[in-house]
Amino acid sequence: MAQLVDKAKEFVADKIADIKKPEADLTDVSIKNVSRDSAMFHSILEVRNPYSHSIPICEISYSLRSAGREIASGTMPDPGSLKGNDITKLEVPLKVPYNILMSLMKDIGRDWDLDYEMRIGLTFDLPIIGNFTLPVSKKGELKLPTLSDVF
């Protein structure tokens, strides 16, 4: 009987491993708006849904890191759903206070850009599998606005 249960577990594990899952790319990270007290970062996440029906997104968690430190993080609960057999573009806004950007001046001062790593976790409720978190990350650098851009 134990052998039969083990074979059933292997069969189910193989079938679940072959199930298509959504795929995502972080296509853009930019500075959208600058005010006197903070900078609004903006990122675009493109998610491909391989299913013919829509999939609800439970949550988007995000983290923006620079110089080995986390400078912004948070979650977006219930951001909507993915369209069936389509690519859905999701916007992930982040607000970074200037005091945090000023603490990174050592990195910024050299070339007036910010080296970053953006990490996003996209949590879905997939049929059969249940909650599934798709990790997405991107590294790059952002040119920061000058003082004349702010005022």
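Two strands count as paired when DSSP finds at least two bridges between them. Leu 114 and its opposite number in strand 7, Leu 142, belong to such a pairing. The model shown in every view is predicted.

**View 1. The whole chain has 4 helices and 7 strands.**
Follow the sequence and the order reads α-β-β-β-β-β-α-α-β-β-α. The chain has 151 residues, and 34% of them are buried. Many contacts link distant parts of the sequence. Take the contacts between residues at least 6 apart: 67% of these join residues at least 24 apart. The exposed surface comes to about 9200 Å², with 53% of it supplied by carbon and sulfur atoms.

**View 2. Confidence varies along the chain, from helix 4 at the low end to strand 3 at the high end.**
The average pLDDT of the chain is 82. A score of at least 70 is reached by 83% of the residues. Helix 4 covers residues 147-150 and has a mean of 56. Strand 3 reaches 91.

**View 3. Strand 3 and strand 4 make a hairpin.**
Strand 3 spans residues 55-66, and strand 4 spans residues 69-82. How many bridges join them? There are 11, and the two strands run antiparallel. One bridge matches Tyr 62 with Gly 74 of strand 4. The turn leaves 2 residues between the strands. Ala 67 sits in this turn and has a positive phi of about 50°.

**View 4. Strand 3 also pairs with strand 6.**
Strand 6 covers residues 113-126. The pairing is antiparallel and uses 8 bridges. Ser 61 stands opposite Gly 121 of strand 6. Glu 59 has Thr 123 of strand 6 as its bridge partner.

**View 5. Strand 6 and strand 7 form a second hairpin view, with 3 residues between the strands.**
The two strands run antiparallel and are joined by 14 bridges. Ile 120 stands opposite Val 136 in strand 7. In the turn, Ile 128 has a positive phi of about 70°. Pro 127 lies in the loop between these strands. Is Pro 127 buried, exposed or partly exposed? Its relative accessibility is 44%, so it counts as partly exposed. Pro 127 and Ile 55 are 72 residues apart in sequence, yet their C-alpha atoms are 8.9 Å apart in space.

**View 6. The largest nonpolar core holds 34 residues.**
Which residues have the most contacts inside it? They are Phe 41, Leu 45, Leu 64, Met 118, Ile 120, Leu 122 and Phe 124. Several elements give two or more residues to this core, among them strand 1 (23-34), strand 2 (38-48), strand 5 (87-97), helix 2 (98-103) and strand 7 (130-143). Strand 6 gives the most, with 7 residues. Nonpolar side chains tend to be buried together in soluble globular proteins.

**View 7. Phe 124 touches residues from many places in the sequence, including Pro 22, Val 47 and Leu 134.**
Residues up to four places away in sequence are not counted here. Ile 55, Pro 56, Ile 57 and Cys 58 are among its contacts. So are Leu 82, Gly 130, Asn 131 and Phe 132.

**View 8. Glu 117 is a buried residue in strand 6.**
Why does Glu 117 count as buried? The cut-off is under 20% relative accessible area, and Glu 117 counts as buried because its value is 18%. Its side chain makes a polar contact with the side chain of Arg 119, at 3.2 Å. Leaving out residues up to four places away in sequence, Glu 117 touches Ser 63, Leu 64, Arg 65, Lys 138 and Lys 139. Now widen the view to the strand. Of the 14 residues of strand 6, 11 are buried, so the strand is largely enclosed by the rest of the structure. In a regular strand the side chains alternate between the two faces of the sheet.

Definitions and conventions
Residues are numbered from 1 along each chain as its sequence is written. This is a predicted model: local features need pLDDT of at least 70, side-chain atom pairs count only at pLDDT 80 or more; totals for chains, interfaces and linings use all residues. Side-chain values use heavy atoms; hydrogens and water are left out. A nonpolar core is a set of buried Ala, Val, Leu, Ile, Met, Phe, Trp, Tyr and Cys residues joined through side-chain atoms within 4.5 Å. Buried means under 20% relative accessible area, exposed over 50%, partly exposed in between (1.4 Å probe, protein chains only). Contact means heavy atoms within 4.5 Å. Accessible areas come from the Shrake-Rupley method with a 1.4 Å probe; for residues, only the protein chains shown count as cover. pLDDT is the predictor's confidence in each residue, from 0 to 100. A polar contact is a pair of N or O atoms within 3.5 Å; within protein, one must be able to donate a hydrogen and the other to accept it, and residues adjacent in sequence count only if both atoms are side-chain atoms.
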